[in-house]
Amino acid sequence: MRITCPHCGARDAQEFTYLGAADPQRPDGMAATEAAMVDYVYLRDNPAGPHRELWYHGAGCHAWLVVTRDTRTHAIASVEPAKARKAGAAA
Amino acid sequence: MRYSAFSLLAQAFRGHKGWTPAWREPEPKADYDVVIIGGGGHGLATAHYLASRHDITNVAVLEKGYLGSGNVGRNTTIIRSNYLLPGNTPFYELSMKLWEGLEQDLNYNAMVSQRGVINLYHSDGQRDAFARRGNAMRLAGVDSELLGREQVRAMLPFLDYDNARFPIQGGLLQRRGGTARHDAVAWGYARAADSRGVDLIQNCEVTGITIVNGRAVGVETSRGPIRAKKIAMAVAGNSSRVAAMAGLRLPIESHVLQAFVSEGLKPLIDTVVTFGAGHFYISQSDKGGLVFGGDIDGYNSYAQRGNLPVIEDVMEAGMGLWPGLGRVRMLRHWGGIMDMSMDGSPIIDFTPVEGLYLNSGWCYGGFKATPASGFCFAHLIATGAPHPVASAYRLDRFATGHLIDEKGAGAQPNLH
């Protein structure tokens, strides 16, 4: 499996560290209900198909990336810097 | 047909022409007391214990492929009960005791072999942690022995004891641990359940769960709808997909774990060795192949195949532990999909949907748990109360904080 880092180009997946699903958003800690926090920390969609997930390019540019990958085939559809998503907020 | 030395002899005289199929191939009925989704080890064991211990025989096991086509045929066949935490130890020990009587119970040769399981340690700190685990096991009535370096060397003279990074200082041995023939476990449970009237329905994929007024009343399948009073899920890596049919989200991620077997060799290693520090473990099958594995690949996957970096990593760790392996050729490797839970421990519980039961979260330790998992799941389904040794495996423990985290890795499934 190779991941095409937007900064470094196509690199072996060994250069990256996997974190997990990209979409869960941490609720505001002080205001969040317990249920919302449980949902964020423990529950996952875990789809068989396209999955948006966070990878860290530790042996490269040190960027966090949002990779959209099909969990049935490992085919990668898109890679974007996680930073861009944060700036875009809506994504 | 009961298997025995006598039946084998009688068949030998008849040229083995009188053997009958090990189970029927029934058409699904419209209605069952219990429908079990998943014809793997845990589903088949559940069916067997429902029928044999609770006299519930109007049961169907629905399997989307063929029986035992998932993880029960993809694991490295190791059985052990060397756990630390109180929520785990009695459960896995029940499993070990069921393994010890399994062949008599099923009238099937599962080739259970109590050849011992050794966990190697490489530092004073790791020795202390293993001593603690060994003591916890003994307190729970499980056998364990802490071995020094020379004791391990006497058993396994061919390992590299002076590896620069991980010199072997000793190991924690559970002599009652060992291996079992994985496929035979599935077939034995299938045959035993079938002989009591359980319908084993293959090539029958569940495509939907019918819920009326908050109660699960049946399933939609590729072979038509089936009604059931109780529906039990035992689908390992597909837990999230099947639970989603009932509108549930689980504390589970599906990950791929690879395993390997070498060409057949003469007897080389007569126990199971785990090299936890290097993410490697190895044993030898009765056919002669060295069976070994390492860590999960580490990313969500439903592909039943992994990637090359983990293969390289496993081989490196193997060479680090046992340099002689360099002359051995790898024969096959494969992947299975693990239901990695958020604390590394399983779930055997009710769900918020009435009449729907969940058996999941086995991570990469499901095979050794097969008998107790089926036993306790059947108990839950039949009596409506959790079995005492599985009472910690609740689905709501993630919300209440009663986690069972053997590794202390937190809610990060790829680290368990």
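Me: What makes helix H2 (residues 41-54) of chain B and helix H10 (residues 366-383) of chain B oblique to each other?

Reply: In this predicted model, the axes of H2(B) and H10(B) come within 7 Å and cross at roughly 45°. Angles under 35 degrees count as roughly parallel and 65 to 115 as roughly perpendicular, with the rest, apart from those over 145, taken as oblique; H2(B) and H10(B) are therefore oblique to each other. The handedness of this crossing is right-handed.

Me: Which residues make the contact of H2(B) with H10(B), and how do they divide by class?

Reply: From H2(B) the contact includes Gly41(B), His42(B), Ala45(B), Tyr49(B) and Arg53(B), while H10(B) brings residues including Phe367(B), Pro371(B), Gly374(B), Phe375(B) and Ile381(B). Sorted by class, the residues of this contact are 10 nonpolar, 9 polar and 1 charged, and here Gly is counted among the polar residues.

Me: Why is H2(B) called roughly parallel to helix H7 (residues 182-195) of chain B?

Reply: The axes of H2(B) and H7(B) cross at roughly 30° and come within 8 Å. Since angles under 35 degrees count as roughly parallel, the crossing angle makes H2(B) roughly parallel to H7(B). The crossing of H2(B) and H7(B) is left-handed. On the side of H2(B), the residues in contact are Gly41(B), Leu44(B), Ala45(B), Ala47(B), His48(B) and Ala51(B), and on the side of H7(B) they are Val185(B), Ala186(B), Tyr189(B), Ala190(B), Ala192(B) and Ala193(B). By class this contact has 10 nonpolar and 2 polar residues, with no charged residues.

Me: How do you know that strand S9 (residues 206-212) of chain B pairs with strand S10 (residues 215-221) of chain B?

Reply: Two strands pair if at least two bridges are found between them, and 6 bridges join S9(B) to S10(B), which run antiparallel. One residue of the pairing can be followed by name, for Val212(B) has Arg215(B) in S10(B) as its bridge partner. The hairpin of these strands has 2 residues between them, and in this hairpin Asn213(B) takes a positive phi near 50°.

Me: What makes S10(B) a partner of strand S11 (residues 226-233) of chain B as well?

Reply: S10(B) and S11(B) run antiparallel and are joined by 2 bridges, and the requirement is at least two, so the pairing is accepted. Gly218(B) has Arg227(B) in S11(B) as its bridge partner. The hairpin of S10(B) and S11(B) has 4 residues between the strands, and Gly224(B) takes a positive phi near 100° there.

Me: Turning to chain A, what makes strand S3 (17-21) and strand S6 (76-81) edge strands?

Reply: The open sheet of 4 strands in chain A has the order S3-S4-S5-S6, with antiparallel pairing. S3 and S6 of chain A are the edge strands, as each pairs on one side only. From one strand to the next, the twist averages 30°.

Me: How do you know that strand S4 (residues 50-56) of chain A and strand S5 (residues 64-70) of chain A pair?

Reply: The requirement is at least two bridges, and 7 bridges join S4(A) to S5(A), which run antiparallel. Within this pairing, His51(A) stands opposite Arg69(A) in S5(A). These strands belong to a chain whose secondary structure comes to 2 helices and 6 strands, running β-β-β-α-β-β-β-α from the N terminus on.

Me: Which elements supply the side of chain A that touches chain B?

Reply: The contact takes 19 residues from chain A and 21 residues from chain B. S3, helix H1 (34-42) and S4 of chain A each supply at least two residues of the side of chain A that touches chain B, and H1(A) gives the most, with 3 residues. By class, this side of chain A has 8 nonpolar, 7 polar and 4 charged residues.

Me: How confident is the prediction in each chain, and where in chain A is the mean pLDDT lowest?

Reply: Chain B has a mean pLDDT of 97, with 100% of its residues at 70 or more, and chain A averages a pLDDT of 92, with 93% of the residues scoring at least 70. Among the elements of chain A, helix H2 (residues 82-88) has the lowest mean pLDDT (72), while S4(A) has the highest (98). The model scores ipTM 0.93 and pTM 0.96. Where pLDDT is low, the predicted coordinates should not be read in detail.

Terms used:
Residues numbered from 1 in each chain as written. Chains lettered and ligands numbered in written order. Predicted model: local features only at pLDDT ≥ 70, side-chain atom pairs only at ≥ 80, totals over all residues. Axes fitted to C-alpha atoms, helices over the stretch in contact; angles between N-to-C directions. Contact = placed C-beta atoms within 7 Å. pLDDT = per-residue confidence, 0-100. Left-handed = near helix turned anticlockwise from the far one by under 90°.
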